[in-house]
Each structure stands twice: as structure tokens, then as C-alpha cells.
Amino acid sequence: MKSLPLLISILWLYSCTGNNNTNTNHGFSQLITCGDEEVAVFEKAATDSLGFVKVWEWTASMSEGLPEDFHDYFNTTDECKPVGENQILITSSSGGVALVNRDDKKTVFYAHAPNAHSAEYLPGNKLVVALSTAKNGNSIRLYDLDHSDSILFTDSLFSGHGVVWDEQNNSLFALGFDQLREYKLEDWDSSAPWLKQVSEWEIPDESGHDLFLTDDSRLLLSTTNSVWQFDINRSIFSPFPALEGVHHVKSVNLNAQTGELVYTKGEISWWTHHVYMHLPKKDTLALTNKKIYKVRVM
């Protein structure tokens, strides 16, 4: 997705609509949503007929630790990854990245990153951010979480859209417009750590968008015209059967052990009113007054 005036990340939302046919027999007990400036957490409630209740919310303006002149960098959030059980990593196409505590909503790290689209926590209290098309964007950036807004290292990557850490292989994978890259951590305990690119692959379609590491060590990546899986051990791309040929998938999440799948696709320009689920039965959550962009699961 190119730079847009509004990017919305949402995992699952039951509010503000009368159309809700959610199947609650699934393993996603807690859901994180982000849209506009708000990030929220919804928790499964066994006694609630709607399935989830809102238990937490965050905006830049309410967060201690985030300078006031950074608030405008979080007008449109586009990523909200959990870090452990107690923190949430937020990026925004408006130009911000933040790590936020859940208990007190305090921002413990922040940085200005033009058109930030995704981020990932790395060993040693480091953070990597993918920046899409913008002045001073088109890159990945490395930060130390103890030093806000201070760049340690950067590498160019056109239309950076996704970053994931593969602990099993000690590798960082990064997705751009037409490339998937693998990086290794170098001089990691020094004052000048950096990321060494060790592999690069041309992806099977244009416009890499979302990148997700499954629990059976595959990468899923969405492009303009389909969703693909990448066998990390064999370095082979193949169609992802469940979403083969589905256009404009903006995010995809899979539990490979249970078959649970949650995704979104751009249906009205870059956004949609629907969250699609295979649990493993197919279901759709309709949110008629929400512009839905990206899905994330705990």
C-alpha cells in the first residue's frame, strides 16, 4: 500500500454495528485493534453474547512519556503488535512508532519514522521498523529501546512494509515492494550494532504488503494479486492455498496447528468493512461504519 491519508489496523471489533455473526469457538482470547488514533484491546467474555468486550484503549494524547509534538505522528495507526503480554508496539503512517505499556498506558519508546508500516522487537532490547514510500522513508531502521528517536542503523528498502524476527533461525526477514530479504544481527552487543543482509529473493508478484511468521516456520506474504507462503528452509515460494488468487489482502494471520485464519482485504480502495475468518469454518464479521485495514492476533 502506498502512502495514504488514513490507514487503519484492526484485529476484531464487535461494536458500532448490528451485524455480528461472530463464531466464538476459536483460540483468539484477546484481540488488539488500531484505527485512526486509537489502539484498543478486546477480550473474550464467555458470558457476553457479542463475544468480546473492550478492556483497554490508547491514544497518543493520553499517553505519559510521549512528547506533545509527537502526537500528530499517531493520527493514523497501521500496526499494533503485542510484545510479550504487557506491551504493544504501534506504528503509524503519519510517521510514528511507539512501544507502550498496557498497565499504565505509558510510552516507553518513541521515534519519528516517515510512513512507518510495521515493526518488530529484536533480541537485546532492539527494535526494527519498516518504512514505506515517503521522503526519508523506503528503508528499515534499527533502534535501541533505551534511546528514543535515535537511529542506530538504516538500510534502503523500497516500500518497506513488513518485518518479522525468526527466533529459530536467528534471522530477520523484511518485505518490500518486490523483494523479501533475510538479515543477520551483527556486532549486537557493541555500541554500533547493525543488520547484515545475507539473502534476497524476488517475490512472485508485485507490491509486497503483509509479512507473517507462522508457528510452523513458514512466512506468509500478501501481494496485489494473491497470498504466498515461503518455505524458509528450502527458500521456495508457493501459493498459500487458503487465499490463493485473493487480491489486495492487507493482512493475514494463521495458527498452523489449528488452522485458524484471520485476514482483511482492500475492497473499497485500500480498506473494507469486513474481517474474514476461517476458524476453520468460514465466517465474516461485518463492521459497516469502520474502515478496516490490517488484522493482528495475539
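What follows is a walk through this fold, from the overall make-up to a few sheets, some unusual backbone angles and the charged pairs. The model is predicted, so local features need pLDDT of at least 70 and side-chain atom pairs count only at pLDDT 80 or more, while totals for chains, interfaces and linings use all residues. Residues are numbered from 1 along each chain as its sequence is written, and side-chain values use heavy atoms, with hydrogens and water left out.

Start with the big picture. The protein chain has 23 strands and 0 helices; helices (H or I, at least four residues) and strands (E, at least two) are DSSP runs, numbered from the N terminus. Of the 298 residues in the protein chain, 55% are buried, where buried means under 20% relative accessible area, exposed means over 50%, and partly exposed is what lies in between (1.4 Å probe, protein chains only). Among contacts between residues at least 6 apart in sequence, 44% join residues at least 24 apart; a contact means heavy atoms within 4.5 Å.

Now for the sheets. One open sheet holds 4 strands in the order E12-E13-E14-E15, with antiparallel pairing; two strands pair if DSSP finds at least two bridges between them. Strand E12 (162-166) and strand E15 (194-202) stand at the edges with a single partner strand each, so one side of each has no neighbour in the sheet. Neighbouring strands here are turned by 25 degrees against each other on average, direction ignored; the axes are lines fitted to C-alpha atoms, for helices over the stretch in contact, and angles run from 0 to 180 degrees between N-to-C directions. Within this sheet, strand E13 (residues 171-175) pairs with strand E14 (residues 179-186) in the antiparallel sense over 4 bridges, and Leu175 stands opposite Leu180 in E14.

Another open sheet, also of 4 antiparallel strands, runs in the order E16-E17-E18-E19. Its edge strands are E16 (211-213) and E19 (236-239), each of which pairs on one side only. The twist averages 25 degrees from one strand to the next. Strand E18 (residues 227-231) meets E19 in an antiparallel pairing over 4 bridges, and Gln229 has Ser238 in E19 as its bridge partner. The loop between E18 and E19 holds Ser235, which has a positive phi of about 55 degrees although it is not a glycine. Most residues other than glycine have a negative phi. Ser235 is partly exposed, at a relative accessible area of 35%.

Positive phi angles turn up elsewhere too. Strands E6 (residues 96-101) and E7 (residues 107-112) run antiparallel and are joined by 5 bridges, with Val100 opposite Thr107 in E7. Their hairpin has 5 residues between the strands, and Lys105 takes a positive phi near 65 degrees there. In the loop between strand E9 (126-131) and E10 sits Asn138, a non-glycine with a positive phi of about 50 degrees. Asn138 is partly exposed, with a relative accessible area of 21%.

Step into strand E10 (residues 139-144) and you find Arg141. What is the nearest side chain of opposite charge to this buried residue? It's Asp149, 5.9 Å away, and Arg141 has no salt bridge. Charge here counts Lys and Arg as positive and Asp and Glu as negative, leaving out His and the chain ends, and a salt bridge is a side-chain nitrogen of Lys or Arg within 4 Å of a carboxyl oxygen of Asp or Glu. The Arg141 side chain does reach the backbone oxygen of Asn136 at 3.3 Å, and a polar contact of 3.2 Å joins the side chains of Arg141 and Tyr143. A polar contact is a pair of N or O atoms within 3.5 Å; within protein, one must be able to donate a hydrogen and the other to accept it, and residues adjacent in sequence count only if both atoms are side-chain atoms. Beyond four places in sequence, Arg141 is in contact with several residues, including His112, Leu127 and Phe153.

Elsewhere, charges do pair up: the whole structure has 9 salt bridges. One of them joins Glu79 and Lys294 (3.7 Å, N to O), linking strand E4 (residues 77-83) to the segment after strand E23 (282-286), 215 residues apart. Glu79 counts as buried at 0% relative accessibility, and Lys294 does at 1%. Arg181 in strand E14 has a salt bridge with Glu200, the closest N and O atoms being 3.3 Å apart. Glu200 lies in strand E15, so this pair ties together parts that are 19 residues apart in sequence. Shared partners also join Glu79, Asp210, Lys294 and Arg296 into one salt-bridge network.
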